[in-house]
Each structure stands twice: as C-alpha cells, then as structure tokens.
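Me: Could you take me through this fold and tell me how each label is earned? I like to see the criteria next to the values.

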Amino acid sequence: MLCGHLHCDLAPVRLLAKIPMRNSPAVKARVAISWYSAQSDEAKDWEDLEMVEAGSNSRLTGGCRCGAVRYESDRPVHAAICHCEDCRRSSGAPMVGWMGVAAGSFRITKGDPRIWSSNGQARRHFCATCGTGLIYLNEALIPGIVDVQIATLDDPTMVAPDIQVQVAERLPWSAHIHALPIFDRYPD
Ligand SMILES: [Zn+2]
Ligand SMILES: [Zn+2]
C-alpha cells in the first residue's frame with residue numbers, strides 16, 4: 001500500500017543533494033540523501049558532502065531526545081498526520097506527524113542517525129542512542145523530499161499538520177480521541 005511516506009515496491013533510485021558552501025563558522029554536516037539498492041542495507045545512506053554553516057540559513061531546527069543527532073531545514077512543503085501501520089510500528093505511537101521538506105534544504109548538523117528499512121525502499125533514520133525517529137526517505141514515492149517527524153522540532157508548534165493520511169490503516173479508537181476525558185496532568 002502506498003502512503004505519503006510510505007511503503008512501496010518500486011525500485012529504489014539514488015538522489016544526491018548538494019549543499020552550498022557557506023562562510024564560517026562552519027560545522028561538519030551530512031546530507032541525508034542517498035539511495036542504495038534493496039540489497040545493500042548495510043550501505044551508508046549518508047555522505048559527507050560539504051561544510052555548511054549550522055543554524056544560519058534555516059528557520060527550523062530540531063533533533064533527537066538525547067541531542068546526539070541534530071538537523072535543520074527550511075519550511076516544509078506539506079505536513080500531515082500519518083496513520084499507516086509502518087509508521088505506527090516503527091514509532092511505537094498510534095500516529096506520527098510528518099513535515100515534508102525540500103531535500104536540498106535539509107541537513108544533519110550533528111551525529112549519525114541509524115537507518116532501517118522494512119522493505120528496502122523506505123528508509124527510516126533514527127538516533128542510535130535514544131531511539132528517536134527523525135526522518136523518512138522514499139525517493140520513489142516522494143522524490144526530492146525529506147519527511148521529518150514534526151515532534152522532533154525544537155519548537156513543534158512551528159509546523160501544524162493540515163491533513164491526515166493513511167486513515168484506512170488507523171487504529172479505530174484514534175478517530176475518537178477528541179471525545180475522551182482530558183486532564184491537565186492526571187486524574188485525581
Ligand atoms: Zn538521541
Ligand atoms: Zn506512514
């Protein structure tokens with residue numbers, strides 16, 4: 001089944017995004033945009049490309065829970081809540097909020113995410129230390145786009161999803177969470 005950051009059987013392709021050199025202070029960065037064949041799960045999806053100046057050219061920054069992995073990007077081109085089973089099982093959460101950003105605007109500014117693929121096509125990148133899911137790549141389905149988990153933004157209020165996708169796979173009870181009793185903290 002296809003989904004926005006989803007899972008498919010299409011052949012993988014390779015995309016390489018170049019990042020312009022910038023003035024000091026520069027930090028070593030990696031760009032998340034490489035694709036390898038389904039047979040090469042051990043292949044590195046990250047390549048050292050250029051020295052870029054962190055934090056100066058992007059309005060959005062974020063990272064994993066422990067701080068080992070950091071990223072920055074421009075504003076997204078779309079944002080959605082995904083209910084697909086792959087997102088659910090990968091995150092351990094009922095649904096996941098994603099923002100799609102132009103691949104050329106996204107850069108890892110610290111750390112080396114681990115990569116896992118359920119089908120050899122879609123690549124989920126997460127922090128190997130704390131386990132936070134960070135980005136999703138699927139060049140066959142969302143070419144030129146890096147999907148980033150909205151909740152990993154330093155300020156997640158900066159990006160609001162405006163659609164829900166893969167509702168066909170959502171947990172039935174998730175359709176009604178707005179009707180559940182709410183508490184600022186916990187029930188007495
Ligand atoms: Zn971490
Ligand atoms: Zn999904």
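Reply: Gladly! Of the 30 residues in the largest nonpolar core, Cys-82, Trp-98, Leu-134, Val-146 and Val-148 touch the most other members. This is a predicted model, where local features need pLDDT of at least 70, side-chain atom pairs count only at pLDDT 80 or more, and totals for chains, interfaces and linings use all residues. Residues are numbered from 1 along each chain as its sequence is written.

Me: What makes a set of residues a nonpolar core?

Reply: The members are buried Ala, Val, Leu, Ile, Met, Phe, Trp, Tyr and Cys residues joined through C-beta atoms within 7 Å. Here β5 (78-82), β6 (96-102), β10 (133-137) and β11 (145-149) each supply at least two residues of this core; strands are DSSP runs (E, at least two residues), numbered from the N terminus.

Me: Why are β8 (114-116) and β12 (163-165) called edge strands?

Reply: Each of them pairs on one side only, and pairing requires that DSSP finds at least two bridges between two strands. The open sheet of 7 strands, with mixed pairing, has the order β8-β9-β10-β11-β6-β5-β12.

Me: How do you know that β8 pairs with β9?

Reply: There are 3 bridges between β8 and β9 (residues 123-126), so the requirement of at least two is met. The two strands run antiparallel, and Ile-115 stands opposite His-125 in β9.

Me: Why does Gln-166 count as buried?

Reply: Gln-166 has 24 C-beta neighbours inside 10 Å, and buried means 20 or more other C-beta atoms within 10 Å (exposed: 12 or fewer; partly exposed: in between), with C-beta atoms placed from the backbone. Gln-166 therefore counts as buried. This residue lies in the segment after β12 and has a positive phi of about 60° although it is not a glycine.

Notes:
Chains are lettered from A and ligands numbered from 1 in the order in which they are written. Helices (H or I, at least four residues) and strands (E, at least two) are DSSP runs, numbered from the N terminus.
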